[in-house]
Amino acid sequence: MRCLLLLSLLCCQALALPDGAPAEACADMRPQHQTEPQGTEAPYDLVYKDLGGGHFNVTLSERDGTYFKGFFIRAENSFYEIIGTWKLFDENVIQPRPCPEEDVDNGITHVNNDEKTMITAHFEV
């Protein structure tokens, strides 16, 4: 049986919260810093490499020299149910964001709002 993997991304350039996306962002994948979501195509690439056996490397990177300060990524199946666990990431840049607030690392967000050009994490489903 094949599973459709959807990666949901919330990425912000200018007003990223300094400690990462709050738990409230899990509900609707919207920034929680009093700005409207971007209405145009994001200037970032979110790609994954299938390593087999339900393991993926996921990379978020800038496009055209545009940095990002904040992000929030989670995966969903074709029924929009949050799935999987994030592992093996740089804890100086990425922290887990359980969605909803559970003991499962099924979302990741930024640790600080420094400028970033690329982040990579390992995902297991």
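Strand 2 and strand 3 (residues 55–62) pair in the antiparallel sense over 8 bridges, where helices (H or I, at least four residues) and strands (E, at least two) are DSSP runs numbered from the N terminus, and two strands count as paired if DSSP finds at least two bridges between them. The model is a predicted one, in which local features need pLDDT of at least 70 and side-chain atom pairs count only at pLDDT 80 or more, while totals for chains, interfaces and linings use all residues. Residues are numbered from 1 along each chain as its sequence is written, and side-chain values use heavy atoms, with hydrogens and water left out.

Within this pairing, Tyr44 stands opposite Glu62 in strand 3, and Val47 stands opposite Thr59 in strand 3. The hairpin of strand 2 and strand 3 has 2 residues between the strands, and Gly53 takes a positive phi near 65° there. On to the next neighbour: strand 3 and strand 9 also pair in the antiparallel sense, over 7 bridges. Thr59 has Thr120 as its bridge partner in strand 9. The whole arrangement is an open sheet of 4 strands in the order 2-3-9-6, with antiparallel pairing. Strand 2 (44–52) and strand 6 stand at the edges with a single partner strand each, so one side of each is left without a neighbour in the sheet. From one strand to the next, the twist averages 30°, with axes taken as lines fitted to C-alpha atoms (for helices over the stretch in contact) and angles running from 0 to 180 degrees between N-to-C directions.

Aromatic contacts come next. A search of the whole structure finds 5 aromatic pairs; rings of Phe, Tyr and Trp (its six-membered ring) pair if their centres lie within 6.5 Å, and planes under 30 degrees apart count as stacked, over 60 as edge-to-face and the rest as tilted. The rings of Phe68 and Phe71 have centres 6.2 Å apart and planes at 85°, so this pair is edge-to-face. Phe68 and Phe71 are buried, meaning under 20% relative accessible area (exposed is over 50%, partly exposed in between; 1.4 Å probe, protein chains only). For Trp86 and Phe123, the ring centres are 4.8 Å apart and the planes are at 55°, so the pair is tilted. Trp86 lies in strand 6 (residues 85–87) and Phe123 in strand 9 (residues 118–124), so the pair ties together parts that are 37 residues apart in sequence. Trp86 and Phe123 are both buried, and ring pairs link them with Tyr48 and Phe56 into a cluster.

Phe71 and Trp86 reappear, with Ile108, as the residues with the most contacts inside the largest nonpolar core, which has 16 residues. Such a core is a set of buried Ala, Val, Leu, Ile, Met, Phe, Trp, Tyr and Cys residues joined through side-chain atoms within 4.5 Å. At least two residues of this core come from each of strand 3, strand 4 (70–76) and strand 9. A second, separate core of 6 residues includes Ala25, Cys26, Met29 and Phe72.

Cys26 also takes part in a disulfide, joined to Cys99 with an S to S distance of 1.9 Å; the count comes to 1 disulfide under the rule of a pair of cysteine sulfur atoms within 2.5 Å. The torsion about the S-S bond of Cys26 and Cys99 is about -65°, so the disulfide is left-handed. Cys26 lies in helix 1 (residues 25–28) and Cys99 in the loop between strand 7 (94–96) and strand 8 (107–110), so the pair ties together parts that are 73 residues apart in sequence. Both Cys26 and Cys99 are buried.
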